[in-house]
Amino acid sequence: TGGFNDEIDITYSGVLCYIAAKKLDKNPTELILDVLNNADDTGIAYIENFLNKIDVDIFDVKARLGYPSADKNDLIHATFDQLFFGPELYSKIFQKKSKFSDKGLIENDNVIVNSELIESLKKKFNDKIAIVTGRGFNAISSSLKELLNQFNVENSVFLEDESRDLAKPNPQSLIRAMKGLNSKNCLYVGDSMEDMILAQKASELGFQAAFCGIYGSGKLPEMKKKLFTECDVPLILETINQLPDILMNEKS
C-alpha cells in the first residue's frame, strides 16, 4: 500500500490486529488479512481507524505499547530491536543488554548486491552511487559489511537514524541524497510501494527520479510485479543484478 514506514509499523499493526481478534473471538490471521487487503496509504492510522470502526476497544493496547514514541523507547521498538539485531549487535548499538539470547533476525538477510554490480553502476553513474534506506546505519553496516564502503556513505540517508517525519514515502531523504551528489536526476531502485511513491513525490517536486521496481527480492514476487505493472512503473526487474545489462543496452 505504501503507507507503512518500516517493518516496525507492520509489527505494531499485526499486534493490534491480533489482540483485537482475540477480543472479538475471531481468527487473528483472517482479521489481519482482511485489514491489510483493504488498507490504504495511511498505514498505522488506517489500522487504528479500521479497528475503531468495527467497535473493538484497543485503547488499552495502544496505551501499553506507546507506539510510536519520539525517543523510540516504547515496547514495540525495544522488543523489535532486540529480536532483530540479536544480543551482541543490540548491546553494541544501544548499550543495553538484550532479554533474548537467540541470534538476531538480521543474520537472515540475503545480501543481493555484490562488488561487481556496484562497480558497474559506479562506472555508469560517475561514482554517484548512494543509499536511501529505511534501516539505520548500524543495520546496513552489519549486513553489507565492506560493501558499504563502495557507496557514497556521506550522502546516503539511513532513515531509522532520522526523525519519523522523514520516513518513507517522504521524498526529502532522496532529495537530500541527490543534492549531496550534485545530481539533477537519478535512478532510484527499490522493492516496495513506499519506494515507488517516494520517487514519484520527488519528481513532483522537480527532482527527476526514475523508479526501478525490483519484485523478486521477497515473498509473493508475482503479486509485487503485478502491483508495479498496474502503477506503470517505468522499469521493473526481477533482480537488481539485471540492471547493468539493461543500462548498457539503453539508447540514451
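## The main nonpolar core

In this predicted model, the largest nonpolar core holds 29 residues, and those with the most contacts inside it are Tyr-12, Leu-16, Leu-31, Val-35, Ile-47, Leu-51 and Phe-85. At least two residues of this core are supplied by each of the helices H1, H2, H3 (44-53), H4 (59-65) and H5 (75-94), and the largest share, seven residues, comes from H5.

In soluble globular proteins, nonpolar side chains tend to be buried together.

## A separate core

Apart from this core lies another one, made up of 21 residues, among them Leu-166, Ile-175, Ile-197 and Ala-209.

## The surroundings of Phe-85

Phe-85, which is among the residues with the most contacts inside the largest core, touches Tyr-90, Ile-93, Phe-94, Gly-104, Ile-106, Ala-139 and Glu-160 when residues up to four places away in sequence are not counted.

## How H1 meets H2

Two packed helices are described by the angle between their axes and the distance between the axes. For helix H1 (residues 7-24) and helix H2 (residues 28-37), the axes come within 8 Å and cross at roughly 130°. Because of this angle, H1 counts as oblique to H2, and H1 passes H2 in a right-handed crossing.

On the H1 side of the contact stand Gly-14, Cys-17, Tyr-18, Ala-20, Ala-21 and Lys-22, which meet Pro-28, Leu-31, Ile-32 and Val-35 in H2. The residues of this contact between H1 and H2 divide into eight nonpolar, one polar and one charged. Leu-31 and Val-35, which take part in this contact from H2, are also among the residues with the most contacts inside the largest nonpolar core.

Definitions and conventions:
Residues numbered from 1 in each chain as written. Predicted model: local features only at pLDDT ≥ 70, side-chain atom pairs only at ≥ 80, totals over all residues. Heavy atoms only, no water. Axes fitted to C-alpha atoms, helices over the stretch in contact; angles between N-to-C directions. Helix = DSSP H or I, 4+ residues; strand = E, 2+ residues; numbered from the N terminus. Parallel < 35°, antiparallel > 145°, perpendicular 65-115°, else oblique. Left-handed = near helix turned anticlockwise from the far one by under 90°. Contact = heavy atoms within 4.5 Å. Nonpolar A, V, L, I, M, F, W, Y, C, P; charged D, E, K, R; others polar. Core = buried A, V, L, I, M, F, W, Y, C linked by side-chain atoms within 4.5 Å. Buried < 20%, exposed > 50% of the residue type's maximum accessible area, 1.4 Å probe, protein only.
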